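Trainee: I would like to understand what earns each label in a model like this one. Let's take the terms one at a time.

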Amino acid sequence: MANVTAATAATAATLLDRFMSELKTTGDMQRITSQGHTLTWAERSWFSLFEGRNEALIFGIVAFAVHQGVYYGRYLPYLICDYIPAMQKYKLQPDRQISNAQWWKCVNSLLFSQMFVQLPMMMFFLPAAKMVG
């Protein structure tokens, strides 16, 4: 039993070392691009974000920013429609109105969960994915 526990601990330590090494990788355009391939403007712009920087950190920040933009951007038309009287008849619950205090409580709760649950998961995704292969 002690040998199994020691082997499990050694395996866990090896995996943790691999994960931590993936967290420390920096962008290197020469390592990523193949020989003879001419990069487009979009590819050069994308790779320039990572050049000489921590790949996991930049990827996490970019993924989170895009996610937030899409998440809140798709809500904006509905928010605008809430303030147009002619659109009130299309509400699913037309007899229910929410107050500003309720709306802000919901937004604050949502932002809290996105910052402290979603963001850490996004930050650790790239190193975990690289580690797994």
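Trainee: Which helix gives the largest share of the lining of the largest pocket?

Mentor: Helix 6, with 7 residues. This is a predicted model, so local features need pLDDT of at least 70 and side-chain atom pairs pLDDT 80 or more, while totals for chains, interfaces and linings use all residues. Residues are numbered from 1 along each chain as its sequence is written, and side-chain values use heavy atoms, without hydrogens or water.

Trainee: What makes helix 6 a helix?

Mentor: A helix is a DSSP run of H or I with at least four residues, and a strand is a run of E with at least two, both numbered from the N terminus. Helix 6 spans 100–132, and the protein has 6 helices and 0 strands.

Trainee: And what makes the space a pocket?

Mentor: On a 1 Å grid over the protein atoms alone, a pocket is an open set of points with protein on both sides within 12 Å along at least five of seven lines; a 1.4 Å probe that fits but cannot get out marks a cavity instead. The largest pocket has a volume of about 710 Å³, that is, the space filled by probe spheres set on points joined across faces, edges and corners. Lining residues have an atom within 4 Å of a point; there are 22, with Tyr75, Leu79, Asp82, Ile98 and Trp103 closest to the centre. Helix 4, helix 5 and helix 6 each supply at least two lining residues.

Trainee: Why is the pair Glu55 and Lys130 called a salt bridge?

Mentor: The term asks for a side-chain nitrogen of Lys or Arg within 4 Å of a carboxyl oxygen of Asp or Glu. Here the closest N and O atoms are 2.4 Å apart, so the pair meets that cut-off. The whole structure holds 1 salt bridge. Glu55 lies in helix 4 and Lys130 in helix 6, so the pair ties together parts 75 residues apart in sequence.

Trainee: How do you know whether Glu55 is buried or exposed?

Mentor: Buried means under 20% relative accessible area, exposed over 50%, and partly exposed in between, with a 1.4 Å probe and protein chains only. Glu55 has 6%, so Glu55 is buried. Its partner Lys130 has 31%, which makes Lys130 partly exposed.

Trainee: What is Met87, then?

Mentor: Met87 sits in the loop between helix 5 (76–82) and helix 6 (100–132). At 32% relative accessibility, Met87 falls between the two cut-offs and therefore counts as partly exposed. Across the 133 residues of the protein, 15% count as buried.
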